[in-house]
Amino acid sequence: MLQSPTPKKRRRGRLFRFSSALVVLLAVAGYLVVQYVTGGRGGPGCKVVSGKDDGQAYEFSQEQTMNAATIAAVGTGRGMPERAVTIALATALQESQLVNIEHGDLDSLGLFQQRPSQGWGTKKEILDPTYAAGVFYEHLAKVNDYQQLPLTVAAQRVQRSGYPEAYAKHEPEATLLSAALTGQAAATLTCQGLPDTTRANTGPDAVRAALVRDFGRTVLKETGAEVTGDGSATKAKAKSTPSPSASATGGSSTVTLPVRAGSTRTGWQLAHWAVANSSVLHIERVSYAGREWSAGSADDPWHATATKASGGVRIVTEQQAGRK
């Protein structure tokens with residue numbers, strides 16, 4: 001005949017079940033926190049700090065930062081002011097946490113949760129961050145006096161959201177991101193920059209193609225990008241329409257983006273853009289105006305370089321895909 005469990009065994013069983021449930025709940029809570037902080041994606045992190053030395057700082061995933069850099073670059077390429085970039089970034093933070101998601105309310109898609117059925121474009125177009133940012137700026141430019149309006153009002157006149165007040169809570173972080181990614185605040189964006197081994201976008205061609213994708217085809221004509229590889233003294237002018245392929249010959253190559261005198265803001269925008277794209281493009285170092293960022297930690301600040309500033313942005317890439 002089976003014996004009934006003793007009170008001591010019953011208490012032990014309940015304690016075991018309670019402990020197991022607690023472990024599961026903690027694991028789920030930890031997962032949700034990671035999903036929220038990283039925008040639903042893991043991987044290397046980035047940090048943007050205030051240029052006013054007031055201790056204000058925000059952290060983002062590399063994917064979020066790369067999308068933010070695209071939004072800023074598209075705005076700059078269209079001649080939009082920094083305020084427009086701030087409004088766009090706050091909107092994307094609210095709508096998608098700066099993650100290019102393929103779902104949303106009804107048929108909403110992408111960074112700004114734009115709807116194909118409402119004339120924003122096709123699904124494929126909306127899921128292209130460059131297109132999505134561009135069409136957002138097109139609508140924002142039609143809002144009268146948007147630079148003088150409260151951010152939440154300007155964003156709402158573009159988005160027609162059911163929760164218009166929600167945009168306001170993202171204004172502080174969007175302001176810091178905008179200042180860094182438009183070059184207004186120097187040396188304020190850092191990323192871990194660990195290479196994304198799922199993609200093979202490496203080398204000078206990949207950097208030039210990404211620049212054209214985000215800033216437009218005039219960016220290379222304006223900067224006159226030059227490329228050197230493995231210490232070679234030979235320099236070649238970059239083509240206005242770069243090849244999207246990159247040679248995988250091993251070693252490092254350097255893309256130099258000359259910056260005109262007095263255009264330090266443009267220089268810092270390009271430098272921060274490179275840092276934001278460092279993971280997917282396997283960028284190891286970025287140098288500008290006597291300061292240098294190196295891949296490794298988002299907490300390491302831009303440090304002074306021993307060599308004299310060259311007057312341009314130097315981007316050192318690892319050509320060999322899948323490095324460790």
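Let me start with helix H7, which lies across strands S1, S2 and S3 and runs at about 80° to S2. Please keep in mind throughout that this is a predicted model, and that H7, residues 171–181, has the highest mean pLDDT among the elements of the chain, at 98.

The three strands beneath this discussion form an open sheet in the order S2-S1-S3, with antiparallel pairing. Its edge strands are S2 and S3, each of which pairs on one side only. On average, and with direction ignored, neighbouring strands of this sheet are turned by 20° against each other.

How many bridges join S1 to S2? There are 5, and the two strands, residues 45–49 for S1 and residues 57–61 for S2, run antiparallel. If you would like to follow the register on the screen, Val 49 has Ala 57 as its bridge partner in S2, while Cys 46 has Phe 60 as its partner in that strand. On the S3 side, 3 bridges join S1 to residues 189–191, again in the antiparallel sense, and here Lys 47 stands opposite Thr 190.

Now, which residues of S1 make up its covered face, and which its uncovered one? Cys 46 and Val 48 form the covered face, whereas Gly 45, Lys 47 and Val 49 form the uncovered one. The background to this is that in a regular strand the side chains alternate between the two faces of the sheet.

Moving along the chain from S2, we come to helix H2, residues 62–77. With 16 residues at 1.5 Å a residue, H2 should span 22 Å, and its end C-alpha atoms are indeed 22 Å apart, so the expected and the modelled span agree. Because 13 of its 16 residues are buried, H2 is largely enclosed by the rest of the structure. Just after the helix, Gly 79 takes a positive phi of about 75°.

One residue of H2 leads us to another part of the chain, and that residue is Thr 70. Is Thr 70 buried or exposed? It counts as buried, because its relative accessible area is 4%, which is under the 20% cut-off. Leaving aside residues up to four places away in sequence, Thr 70 touches Pro 129, Thr 130, Arg 213 and Asp 214.

Let me take up Arg 213 from that list, which is found in helix H8, residues 204–215. Unlike a buried residue, which has a relative accessible area under 20%, Arg 213 is partly exposed, because its relative accessible area is 40%. Again not counting residues up to four places away, Arg 213 touches Thr 70, Thr 130, Trp 273 and Asn 277. The C-alpha atoms of Arg 213 and Pro 129 are separated by 9.8 Å, although the two residues are 84 apart along the chain.

I would like to turn next to strand S10, residues 312–318, which is mostly covered, with 6 of its 7 residues buried. Strand S6, residues 252–258, pairs with S10 in the antiparallel sense over 7 bridges, and within that pairing Leu 257 has Val 313 as its bridge partner. Strand S7, residues 283–288, is also joined to S10, in this case by 4 bridges and likewise antiparallel, with Ser 287 standing opposite Arg 314.

Stepping back to the whole chain, we have 11 helices and 10 strands, and of the 324 residues 46% count as buried. Among contacts between residues at least 6 apart in sequence, 66% join residues that are at least 24 apart. The accessible surface comes to about 16,500 Å², of which 54% belongs to carbon and sulfur atoms.

Finally, a word on confidence, since we are reading a prediction. The chain averages a pLDDT of 80, and 73% of the residues score at least 70. Where does pLDDT stay under 50? One such stretch is residues 230–250, for which the model has 40 contacts beyond four places in sequence. Another is residues 320–324, where the pLDDT is below 50 and the model has 14 contacts beyond near neighbours in sequence. Among the elements of the chain, the lowest mean pLDDT, 40, belongs to strand S5, residues 236–237.

Notes:
Residues numbered from 1 in each chain as written. Heavy atoms only, no water. Buried < 20%, exposed > 50% of the residue type's maximum accessible area, 1.4 Å probe, protein only. Contact = heavy atoms within 4.5 Å. Areas by Shrake-Rupley, 256 points an atom, 1.4 Å probe, with all protein chains shown as cover. pLDDT = per-residue confidence, 0-100. Pairing = 2+ DSSP bridges. Expected span 1.5 Å × (residues − 1). Axes fitted to C-alpha atoms, helices over the stretch in contact; angles between N-to-C directions.
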